[in-house]
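These are my notebook entries on a structure that I am reading for the reader's benefit. I record what I looked up, entry by entry.

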Protein chains: 2
Amino acid sequence: MSTTSALKRPTQAERRARSRGALLESAARGLSRYGYGNLVLDEVARDAGYTRGALYHQFKDKEDLALAVIEWVNEHWMREVGAPAARQTDPVDELLTLARGHAAFCRREIARVVMALRLEFAGQQHPVGREIEQIWETGVKRCVKLIDAGRRAGSIPPGPPARAMALALLGALEGAVIALSGQSPDDELLAARAVTGVLGIDSSRALRSVTG
Amino acid sequence: MSTTSALKRPTQAERRARSRGALLESAARGLSRYGYGNLVLDEVARDAGYTRGALYHQFKDKEDLALAVIEWVNEHWMREVGAPAARQTDPVDELLTLARGHAAFCRREIARVVMALRLEFAGQQHPVGREIEQIWETGVKRCVKLIDAGRRAGSIPPGPPARAMALALLGALEGAVIALSGQSPDDELLAARAVTGVLGIDSSRALRSVTG
DNA sequence: ATGGTAACATACATATATGAATGTATGTAA
DNA sequence: TTACATACATTCATATATGTATGTTACCAT
């Protein structure tokens, strides 16, 4: 009875996971708000209800923490935004679903973590920057494929190179979503509309994508 | 002869202005690349060919320097982007000219200084943040007026509140331009297209705006 | 030419944040 | 219950960057 109360006494693993989660979430908020350089670990720990001791016990150093946050955010994004969008059969629909999903996803405060870090480490030779760059590049490649597919299908008109289009699309999407900072419900529509503009398709598709 | 060679020997005022200009430009590049917190003044000075001594002689402190850079960039933007766009009579044309102009303006490395600082100081109570916020707000207000005018004229369809539209427009514009990072000549077209999307108008207007 | 002042360089003092070292309490297994 | 490991707190050492104080050189008026 004393050993396996299982509900009352938290096991070590549970305890560890709980702490780690709290620290990750706090760090995500912090990175989103202040960026990497301005993030002070004492605040991160305090916000999570711990001290820096706990933080350095769970993570090797500041860099390790940031990388863990990035991985954490990316996984959530994939699950809540990337995967659902992939179910769309039409390339344009997938891009618009992506836009809407991203807007909804970014209503949480972790919204700007990717863009903030991407700006901060652009052109640097920092591990965190490399990780961010890789995630970004994955997104770009995905968009390039969809744009190519859409053009073959005739739903996206010819124009600038697919890569330039993809860069503009993702940039405009992130920029719009951040500027709107979670203003529901217009954020979704306007994010989708920005995407239609870059693609050069009728902006009413942005509206239709919510019903379909 | 020794006193007023006028062309060979630079006067004190000229000397001062030259140094100040070099320091401002270096700081603008630095802020654009690294943001405020990660900007190290020793590098700024060295990049301009001076030491921190020169910097602290011309500017009170780091904050003063950043504010001067912001003012400097804003003035240039107004002259090269804001004013020319204001000559357009049609609201939509003005918005599209703004987009194209901004893309061209941002081909220089100072591109990201506004967005970088806006992200870094969002929600903070820092003088630099306030200054940036005010400039941003001025832009938003200008867009709101143009959107309202366009709607009255019937060239922009009804939809979300004008302020939300303006936020999305500027956000998408900045995001797209930064992501494209000066990729001429596609940057102009795609920036304009992102704007048409947000406005909910035909994206071919973006193309037409270059000829008109 | 020469005293004075402005433009800059150099040297120093201080603050802040990271990371390491050490200490303590809580959980787990023999 | 005792021995040990893990989770976490606290303290300390170091590095880095800002800002200040002082020194040096270039310009300009008398």
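I take helices (H or I, at least four residues) and strands (E, at least two) as DSSP runs, numbered from the N terminus. I note that this is a predicted model, in which local features need pLDDT of at least 70, side-chain atom pairs count only at pLDDT 80 or more, and totals for chains, interfaces and linings use all residues. Residues are numbered from 1 along each chain as its sequence is written, while chains are lettered from A and ligands numbered from 1 in the order in which they are written.

**Entry: the loop between α8 and α9**

I looked up Pro185(A) and located it in the loop between α8 and α9 of chain A. A cis peptide bond, with omega about 0°, links Ser184(A) to Pro185(A). In chain B, I found a cis peptide bond between Ser184(B) and Pro185(B), with omega about 0°. Ser181(A) belongs to the loop between α8 and α9 of chain A. Its phi is positive, about 40°, although Ser181(A) is not a glycine. I asked whether Ser181(A) is buried or exposed. It counts as partly exposed, with 16 C-beta neighbours inside 10 Å; buried would need 20 or more other C-beta atoms within 10 Å and exposed 12 or fewer, with C-beta atoms placed from the backbone.

**Entry: the two chains**

I superposed the copies by least squares on the C-alpha atoms of residues with pLDDT of at least 70 in both. Chain A falls on chain B with an RMSD of 0.1 Å after a turn of 180° and a shift of 0.0 Å along the axis. That is the relation of a two-fold axis.

For contacts, I required C-beta atoms, placed from the backbone, within 7 Å. Chain A and chain B each bring 35 residues to the contact. On the side of chain A that touches chain B, α8(A) gives the most, with 13 residues. Of the interface residues of chain A, 100% are also interface residues in chain B, so the copies meet through the same surface.

**Entry: DNA strand C**

I called a residue near the strand if its C-beta atom, placed from the backbone, lies within 6 Å of it. I counted 21 residues around DNA strand C, with Lys62(A), Arg16(B), Ser19(B), Thr51(B) and Gly53(B) the closest. Elements giving two or more residues to this surface are α2 (41–48) and α3 (52–58) of chain A, and α1 (12–34) and α3 (52–58) of chain B.

How values were computed: Two residues are in contact if their C-beta atoms, placed from the backbone, lie within 7 Å.
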